[in-house]
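Student: Please give me a close look at one pocket in this model. Then follow the chain from there to the salt bridges.

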Amino acid sequence: MKITIFWTGYVWLVTGTCLAEVGHEVMCIDVDKQKIEDLKQWIIPIYEPGLEELVLRNYKEWRLDFSTDAKKGVEFATAIFSAVWTPPDENHRADLKFVKAVAKTVWENMNDYKVFINKSTVPVWTGEMCKNIIKEELKKRKLNLDFDIVSNPEFLKEWAAIKDFMTPDRIVCWVESKKSKEVMTEIYKSFVRTEKPLIFTDIKSSEIIKYAANAFLATKISFINEIANFAEIVWANVSDISKWIGLDNRIGSRFLHAGIGYGGSCFPKDIQALIETWKDFGYEFQIINSTEKVNKKQKIKVVEKLLKYILDLKCAPKEMPLGWKKIAIWWLAFKPKTDDVRDAPSIDVIKRLLNLWVEEIKAFDPIAIWNMERIFWNEKRIIFTSKNYDALKWVDALIILTEWDEFRNPNFDKIKDFMNWKIIIDWRNIWNKKDMEEKWFIYEGIWR
């Protein structure tokens, strides 16, 4: 089947590439000419393991193409995906301006029957909104063309997006007609063959499902972080607690690792959007509100822990708690194996350190340095390093914010040689407290 996917972004490229991989002819449309030219030269704008190889293979085999020509894209396919980002607006609601722009663009160029497939995470009533936009545009053009709206939310995890798409837990769709149901069945028939369910539901349920899933997973994260904070007070081990409750198959072990909290492009904005959307209906999410509050506090708790050690050692004046201190941060993205720093906890940590008069921050990440540099481009007290050990030279403390597997066994002798004070605040529990203290580090993780 011929498929067109509109506008740039993470979901846009992964979806298009994976659909091409199973044999569909896919055209990806974007207004950014440079990005389209880069893609044609196999320069991938996002980091996702395995994506570059798939893009290259499918582009060479003519199943995947990139263009800035919206009219060409609309005429090319019957199935048209809208996979745009829905960022938070100034009131934390989902900003649907890009969704509206795609709907308007598609139907300005519509020439025959089309299926408009909303892949973005959108609030209730967005499908109806798109339908009204389309009807209005067709009315302006004095055309009586048939079309259908489909809601098809995505459930992709960064760094595992290809696997998530190719072997999904479920594929959720709302369709308006038998004709559009046949289109969606044809698109996903290769995935259904692997016995993964293709679920058809009502439009409002399909629009809520993604928000509900993200809110539940975020709640698990905030829940275990609250347990961790209490466990610290009573000298319990939250790693053991999370491990044993995770063995209960009603609960499961995933998203039960205490740490700095959640970030990224989905959880923060989707939870805020869900809270704000339901205010329109006179309902208050008490649990989800608490989830967000706990997460905000958890992001800066690591700095409070650092301050405790700095002040206990009497190595900083109280009026300038981090004055004349140099702090290293290892890993900046919101999770491993991605370059995404959107709403990353590291941003909150860095801002808090700067407000406490830190003299210098040395920051390292294997792939997210460039994205973080763009956020703090005018801050002279931050030095970004391309090598992890370079960030440790003459610093007083090291803060760990992400758990890359390849750094679980570093050269601790080298770390000690580089650092002034041997303070390590490990907010991902990568290392063992007893082992680190035997190596003569002042070490603190989430658990004791």
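Tutor: The pocket comes before the salt bridges. This is a predicted model: local features need pLDDT of at least 70, side-chain atom pairs count only at pLDDT 80 or more, and totals for chains, interfaces and linings use all residues. Residues are numbered from 1 along each chain as its sequence is written, and side-chain values use heavy atoms, with hydrogens and water left out.

Take the second largest pocket. Its volume is about 190 Å³. A pocket here is an open set of points on a 1 Å grid over the protein atoms alone, where a 1.4 Å probe fits and protein lies on both sides within 12 Å along at least five of seven lines. Grid points are joined across faces, edges and corners, and the volume is the space filled by probe spheres set on them.

Now the wall. Y262, P268, Q272, E292, N295, K296, K299, D343, A344 and D348 line this pocket; a lining residue has an atom within 4 Å of a point. Two elements give two or more residues each: α11 (267-279) and α12 (286-312). Helices are DSSP runs of H or I with at least four residues, strands are E runs of at least two, and both are numbered from the N terminus. α12 gives the most, with four residues. By class, the lining has five charged, three nonpolar and two polar residues. Asp, Glu, Lys and Arg count as charged; Ala, Val, Leu, Ile, Met, Phe, Trp, Tyr, Cys and Pro as nonpolar; the others, Gly among them, as polar.

Next, the loop between α11 and α12. D280 sits there, and its partner R93 lies in the loop between β4 (79-82) and α5 (97-108), 187 residues apart. Their side chains meet in a salt bridge, 2.9 Å from N to O. The term means a side-chain nitrogen of Lys or Arg within 4 Å of a carboxyl oxygen of Asp or Glu. D280 counts as exposed because its relative accessible area is 52%. R93, at 26%, is partly exposed. The cut-offs are under 20% for buried, over 50% for exposed and in between for partly exposed (1.4 Å probe, protein chains only).

For contrast, look at a local pair. K433 and E437 both lie in helix α16 (residues 433-438), four residues apart, about one turn of the helix. Their closest N and O atoms are 3.0 Å apart, in a salt bridge. K433 is buried at 14%; E437 is partly exposed at 39%. The salt bridge count comes to 26.
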